[in-house]
Amino acid sequence: MLSYPATIPLSSRTLNHLAERIRGHRQQRRSRWRRLDPGRQALLALAHLRNGDTYTRLAAGFEIGVATAWRYVQEAIALLSSTADDLATAMQRIRRLAYAILDGTLIPIDRVADQRPYYSGKHKHHGVNVQVIADAAGRLVWASPALPGSVHDLSAARTHGIIDALTRADVMIFADKGYQGAGGSVRTPFKRRRFRPKLSRRQKAVNRAHAKVRARGERAIATLKTWKILTKLRCCPQRATTIVQAILVLHHVEANRCAG
């Protein structure tokens, strides 16, 4: 089998952060011997999450078995996701924002046995729904647990309690037309109704200004999907939440490095 060197567009700070967590976990469990040291296991997991490398390719590159590669990656993901912020914790940062941008994204998945709940009629394929909160500059602040792709964005936001939490914190929310009727502090563009007059010039101007603000939220979704594993999940959809939470932790580690 041929091999070649590859890069992972992440800093050594992110690698060291994950390696330290793996090292601490091993000491707690008193693991005596592993095929890979904590640094190599962290590199293995980052290659899977960031570059989307398959377990077969990782096993060949790190000279371990496919089952061992799978087990090491799942262990790293579980360690990261256990430290992810829930919405209540994230609200400590969100309530200091001038305003927040709320949007939903569909992460594609392979077909599963129970396909109907995961089929999105809007996107015409199977996936899981993840709600994303961004700040005024379009930076990713928080991502929700994954729900089946058939769930509407507004229903997903209500299920996670996002709208109520942001309203209680008196944070203005900019969202697209899919969130109309949400109430609270959600601001959506004007929508033309059937059998009603066209939008007025003022309403169109408001919609244009709203679109400029909301478009920044697309940057947060794009940032989330720079992790190639989210291009298409080839695992049980129930594992999507832990993967997203692990990526969110790594993103904040990397973002703090860039900010510092």
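The following exercises, each with a worked solution, concern a predicted model of one protein chain.

**Exercise 1. The chain as a whole**

Determine how many helices and strands the chain has, and state what share of its residues is buried.

*Solution.*
Step 1. Count the secondary structure elements: the chain has 10 helices and seven strands.
Step 2. Consider the extent of the chain. Along the principal axes, its C-alpha atoms fill a box of roughly 70 × 40 × 30 Å.
Step 3. Apply the cut-off for burial, which is a relative accessible area under 20%. Of the 260 residues in the chain, 45% are buried.

**Exercise 2. An annotated span**

Describe the secondary structure of residues 34–80 and the separation of the end C-alpha atoms.

*Solution.*
Step 1. Identify the span in the record. An unreviewed UniProt entry carries the annotation "domain: Transposase Helix-turn-helix" for residues 34–80.
Step 2. Examine the composition of the span: 79% is helix and 0% is strand.
Step 3. Compare the two ends. The C-alpha atoms at the ends of the span lie 19 Å apart.

**Exercise 3. The largest pocket**

Establish which helix gives the largest share of the lining of the largest pocket, and classify the lining residues.

*Solution.*
Step 1. Begin with the volume, which is about 620 Å³ for the largest pocket.
Step 2. List the residues nearest the centre. The lining consists of 21 residues, and Tyr 4, Ala 6, Asp 53, Gly 61 and Phe 62 are those nearest the centre of the pocket.
Step 3. Assign the lining to elements. Helix 2 (38–51) and helix 3 (55–62) are the elements that give two or more residues. The largest share, six residues, comes from helix 3.
Step 4. Sort the lining by class: 13 residues are nonpolar, six are polar and two are charged.

**Exercise 4. Salt bridges**

State how many salt bridges a search of the whole structure finds, then examine the pairs formed by Glu 75, Asp 85 and Asp 110.

*Solution.*
Step 1. Recall the principle: side chains of opposite charge can pair when their charged atoms come close. The cut-off is a distance within 4 Å between a side-chain nitrogen of Lys or Arg and a carboxyl oxygen of Asp or Glu. The search finds six salt bridges in the whole structure.
Step 2. Take Glu 75, whose side chain meets that of Arg 34 at 3.2 Å, N to O. Glu 75 belongs to helix 4 (residues 66–81), while Arg 34 lies in the loop between helix 1 (12–29) and helix 2; the two are 41 residues apart, and the pair links distant parts of the chain. Glu 75 is buried, because its relative accessible area is 13% and the cut-off is under 20%.
Step 3. Take Asp 85, which forms a salt bridge with Arg 93 at 3.0 Å, N to O. Asp 85 has a relative accessible area of 29% and is therefore partly exposed. Arg 93 is also partly exposed, at 29%.
Step 4. Take Asp 110, which forms a salt bridge with Lys 232 at 3.4 Å, N to O. Asp 110 lies in the loop between strand 1 (100–108) and strand 2 (119–120), and Lys 232 lies in the loop between helix 9 (217–224) and helix 10 (240–259); the pair therefore ties together parts 122 residues apart in sequence. Asp 110 is partly exposed at 29% relative accessibility, and Lys 232 is partly exposed at 33%.

**Exercise 5. One face of a helix**

Explain why the buried residues of helix 9 line one face of the helix.

*Solution.*
Step 1. Identify the buried residues in helix 9: Gly 217, Ala 220, Ile 221 and Leu 224.
Step 2. View the helix down its axis. The buried residues of helix 9 fall within an arc of 95°, so they line one face of the helix.

**Exercise 6. Positive phi angles**

Locate Arg 30 and Glu 63, and decide whether each is buried or exposed.

*Solution.*
Step 1. Consider Arg 30, which is not a glycine but has a positive phi of about 60°. Arg 30 lies in the loop between helix 1 and helix 2. The cut-off for exposed is over 50%; Arg 30 is exposed because its relative accessibility is 73%.
Step 2. Consider Glu 63, another residue other than glycine with a positive phi, near 60°. Glu 63 lies in the loop between helix 3 and helix 4. With a relative accessible area of 65%, Glu 63 is exposed.

Key. Residues are numbered from 1 along each chain as its sequence is written. This is a predicted model: local features need pLDDT of at least 70, side-chain atom pairs count only at pLDDT 80 or more; totals for chains, interfaces and linings use all residues. Side-chain values use heavy atoms; hydrogens and water are left out. UniProt positions are given in the numbering used here, feature names are shortened, and annotations may be inferred rather than shown by experiment. Helices (H or I, at least four residues) and strands (E, at least two) are DSSP runs, numbered from the N terminus. On a 1 Å grid over the protein atoms alone, a cavity is a set of points where a 1.4 Å probe fits but cannot get out, and a pocket is an open set with protein on both sides within 12 Å along at least five of seven lines; lining residues have an atom within 4 Å of a point. Grid points are joined across faces, edges and corners, and a volume is the space filled by probe spheres set on the points. Ala, Val, Leu, Ile, Met, Phe, Trp, Tyr, Cys and Pro count as nonpolar, Asp, Glu, Lys and Arg as charged, and the others, Gly among them, as polar. Buried means under 20% relative accessible area, exposed over 50%, partly exposed in between (1.4 Å probe, protein chains only). The arc is that of the directions from the helix axis to the C-beta atoms.
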